[in-house]
Amino acid sequence: MSVLNFDSKQCERIRRHLDAYLSNELLVETTSDVLRHLESCEGCSRELEARTRVRDALRRAAASQVPPEELRQSIHRQLRKMQPDFLGVSLRVRMVVALAGIIGVVLGTIATEHWIRARRGRQMVASVLALGVSDHIQCAIKGHNYPEIANPPEQLRKKLGPQYAGLLEVVQQKLPGFEILEAHICSVQGSPRKYVHFITRGRGTILSVILTRSEGEQLPNGTAFRSGASGSVNLYEAHLEGMNAAGFQSKEYWGFVVSDLSRDTTMQIAYELAPPLKAALDAGSGSEARADLNRGTQVGVPGGKGCSSKPRRGRSRIPTFA
Amino acid sequence: MDLFFHPKVRVEDFEAAAMPHFPDLYRTARLLAQDRAEAEDLVQEVYLHAWKSFHRFELGTNCRAWLFKILFHRLHHFRRRWAKAAKVEGFESPEDQDNIIAETPVPQEIRDEDVLNALGRVPIEFREVVLLADVQEFSYKEIAETMKLPLGTVMSRLSRGRKLLRQELAGVATSYGITPAGDDPQTGESA
């Protein structure tokens with residue numbers, strides 16, 4: 001390498017532009033400056049000529065690289081292989097994708113329907129069990145329609161009438177540790193529905209066994225809705241208004257066990273109680289009483305008022321017993 | 001899979017747009033790759049990759065620039081695998097830019113072989129910018145976009161790359177016992 005002798009600042013400035021000049025990247029004004037200088041400066045002209053010579057030599061050398069024809073052919077063949085066969089593979093693939101889409105839609109629809117059915121089923125279980133819970137709360141807890149000392153069985157049978165009197169024994173037998181304080185037919189204020197209501201005391205609290213007509217409606221039978229089974233009787237459960245309720249159904253009745261005992265205890269009591277109660281109801285022990293319930297007759301309640309939901313002042317708290 | 005959703009893209013259209021640039025792509029790849037086999041692999045990859053994404057290419061726009069962009073994307077991917085990639089640390093220092101008055105004499109007779117040998121010794125980062133500017137005649141802006149570099153870096157690499165090539169050429173000429181024609185050894189000025 002040798003160093004050029006020039007004393008002109010102008011030459012230094014122009015040479016800084018020579019790369020851009022060679023690449024045709026200079027502004028018009030700057031190009032004019034460069035050209036004017038080159039006309040009068042042999043050194044810079046020679047430098048430009050040298051750079052141009054290198055560039056031209058590079059272009060020639062690059063052009064001497066002949067692209068192999070076999071590479072071009074190879075690329076051509078590979079591109080053809082990758083071209084989708086519109087009447088063959090891709091059509092089949094498209095059909096498979098379309099079929100998968102249809103199956104997806106069908107499965108999605110089925111799943112959605114299943115989900116809607118399940119939701120409705122759960123809602124229905126909750127609404128049916130809410131009947132028992134509301135009678136327990138309104139009649140037994142808030143209404144306190146039971147005596148501190150249990151009514152004698154004869155009186156309870158009389159209140160239940162001959163139609164339901166037989167159930168008294170079933171409840172008594174299958175509720176060991178619980179004392180039946182009261183048994184009657186009652187209703188919740190604002191509803192014509194009638195309930196056969198056994199109010200019992202045990203384990204430090206009040207527990208209701210309640211029966212009411214199902215009016216032909218059936219609780220959903222799927223395993224997703226029931227919480228267990230006792231023999232052939234499906235058991236349902238819900239936690240409503242602070243109470244645990246277990247429910248079952250016979251041919252024409254819904255039965256409930258409602259208390260503030262634990263879920264497991266309530267379910268265990270229902271597990272023992274539901275099969276004999278269902279059997280008794282299905283056997284027709286309550287057939288005549290059904291007629292009574294349909295007529296709205298309130299057996300054993302003086303004045304026909306039953307144990308309406310009207311709470312008794314000062315007795316609304318849940319009683320506890322040692 | 002992209003092509004599956006774009007069945008209207010025809011390979012004939014792709015070839016019509018892209019294959020005319022095959023010689024330029026090959027020459028550039030050949031002068032940047034380490035050997036012919038690598039250059040061929042590179043060009044083949046460029047075309048297959050371009051075909052797969054051809055549905056995204058807007059016909060009528062600059063297909064050549066698009067293919068070169070893919071070439072350099074693949075090249076940089078390749079280069080990561082090349083253990084012998086040239087190191088360029090220090091080449092872009094400000095001192096290099098200021099050393100403008102030092103000009104290397106250029107032989108009058110330059111053989112293609114000498115140029116190719118000299119070019120092979122220029123670090124690849126400079127070589128690729130020199131090739132894009134001086135051989136493929138891309139603008140600075142196009143080079144910046146193709147290589148994803150700032151414009152200033154393109155300019156400095158081009159300037160430095162040209163100087164390096166010139167130095168290497170002079171070295172090749174000297175090794176053959178050729179004195180750069182007409183250069184005054186005292187001043188560097190031609191007689």
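**Close-up views of the chain A and chain B model**

**View 1. Area buried between chain B and chain A.** In this predicted model, about 5,200 Å² is buried between chain B and chain A, and carbon and sulfur atoms give 61% of that area. Contacts join 58 residues of chain B to 50 residues of chain A.

**View 2. Salt bridges and polar contacts between the chains.** Between chain B and chain A there are 6 salt bridges. One of them pairs B:Arg36 with A:Glu70, whose closest N and O atoms are 3.5 Å apart. Polar contacts link 13 residue pairs across the two chains, counting pairs with both residues at pLDDT 80 or more.

**View 3. The side of chain B that touches chain A.** Elements of chain B that each supply at least two residues to this side include α1 (11-18), α2 (22-32), α3 (36-52), β1 (102-103) and α9 (151-175). Helix α3(B) gives the most, with 8 residues. Sorted by class, this side of chain B has 32 nonpolar, 16 charged and 10 polar residues.

**View 4. The largest nonpolar core.** This core holds 79 residues, and the members touching the most others are B:Phe14, B:Tyr47, B:Trp66 and B:Leu67. Helix α4 of chain B (residues 63-79) gives the most to the core, with 10 residues.

**View 5. Surroundings of B:Tyr47.** With neighbours within four places in sequence left aside, B:Tyr47 is in contact with A:Ile75 and A:Leu79 of chain A. Its contacts in chain B are B:Phe14, B:Ala18, B:Met19, B:His21, B:Phe22, B:Leu25 and B:Leu67.

**View 6. Another core.** Apart from the largest nonpolar core lies another, of 32 residues. Among them are A:Leu156, A:Ala183, A:Ile185 and A:Val233.

Key:
Residues numbered from 1 in each chain as written. Chains lettered and ligands numbered in written order. Predicted model: local features only at pLDDT ≥ 70, side-chain atom pairs only at ≥ 80, totals over all residues. Heavy atoms only, no water. Core = buried A, V, L, I, M, F, W, Y, C linked by side-chain atoms within 4.5 Å. Buried < 20%, exposed > 50% of the residue type's maximum accessible area, 1.4 Å probe, protein only. Helix = DSSP H or I, 4+ residues; strand = E, 2+ residues; numbered from the N terminus. Contact = heavy atoms within 4.5 Å. Buried area = accessible area lost by both parts, 1.4 Å probe. Salt bridge = Lys/Arg side-chain N within 4 Å of Asp/Glu carboxyl O. Polar contact = N/O pair within 3.5 Å; in protein donor to acceptor, adjacent residues only side chain to side chain. Nonpolar A, V, L, I, M, F, W, Y, C, P; charged D, E, K, R; others polar.
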